[in-house]
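User: Could you take a close look at one part of this model for me? I'd like to hear what packs around it, and then what the main pocket is made of.

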Amino acid sequence: MTRAGLTTERLVRAGAELADEAGFDQVTLSALARRFDVKVASLYSHLKNSQDLRTGIALLALEELADRAADALAGRSGKDALTAFANVYRDYAREHPGRYAAARLRLAPETAAASAGVRHARMTRAILRGYDLTEPDQTHAVRMLGSVFHGYVSLELSGGFSHSEPDSEETWSRVLDALDALLRNWPAR
């Protein structure tokens, strides 16, 4: 194993690259072993199984997204923060489609609680404080934003908007305008 320089971190990063190239559903220990020109058994010193690898990729993706979002949000509020946050997700999904898919992996509760997913939730709630939303509306808004961002990005990545005008960039901008307007005028119960 020393010959190949295998470490858990190196394997997870290589798995993330594989996910971006071939798709997250194609990430297996066999595919990873081929990438390093080693036998699958060589990977078991670092990973329990394919699910362990997939979880590692998901955690890496969540961490990368959280770091990017934190950088993009620094010093911003209101619509500027909302737009920056949304663009981080969209840009990351375009640059790293496999990792983005990995970030959607259902994690065990204790793993999720210790992941950068918690940072994502905090950042989303920080943005919403600028819109003066309180509970339970804040939770509803967090869910709505996640659904809109993920839905739009998923449709865009699959080519869902490539067949018609106006351009997807224009629609994305309008969607963010609409979200900002909705958050500023959140409906009363």
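Analyst: The cover over the buried residues of α1 includes α2 (29-36), α3 and α5 (97-102). Underneath that cover sit L11, V12, A14, G15, A16, L18, A19 and D20, the buried part of α1. Bear in mind that this is a predicted model.

The helix length checks out too: α1 runs over residues 8-22, and at 1.5 Å a residue its 15 residues should span 21 Å, so the 20 Å between its end C-alpha atoms agrees. Right after α1 comes G23, with a positive phi near 110°.

Now for the pocket. The largest pocket has a volume of about 480 Å³. It is lined by 21 residues, and those closest to its centre are Y89, R104, G117, H120 and G146. The elements giving two or more residues to that lining are α3 (50-73), α4 (78-95), α7 (117-129) and α8. So α3 turns up in both places: it helps cover the buried residues of α1, and it gives residues to the pocket lining. The biggest contributor to the lining is α8, with six residues. Sorted by class, the lining comes to 12 nonpolar, six polar and three charged residues.

One more stop on α8, which spans residues 137-157 and holds H140. Is H140 buried or exposed? Neither, quite: its relative accessible area is 38%, so H140 counts as partly exposed. In sequence H140 is 46 residues from W186, yet their C-alpha atoms are 10 Å apart in space.

Terms used: Residues numbered from 1 in each chain as written. Predicted model: local features only at pLDDT ≥ 70, side-chain atom pairs only at ≥ 80, totals over all residues. Heavy atoms only, no water. Helix = DSSP H or I, 4+ residues; strand = E, 2+ residues; numbered from the N terminus. Buried < 20%, exposed > 50% of the residue type's maximum accessible area, 1.4 Å probe, protein only. 1 Å grid on protein atoms, 1.4 Å probe; cavity = no way out; pocket = protein on both sides within 12 Å on 5 of 7 lines; lining within 4 Å. Points joined across faces, edges and corners; volume = space filled by probe spheres on them. Nonpolar A, V, L, I, M, F, W, Y, C, P; charged D, E, K, R; others polar. Expected span 1.5 Å × (residues − 1). Contact = heavy atoms within 4.5 Å.
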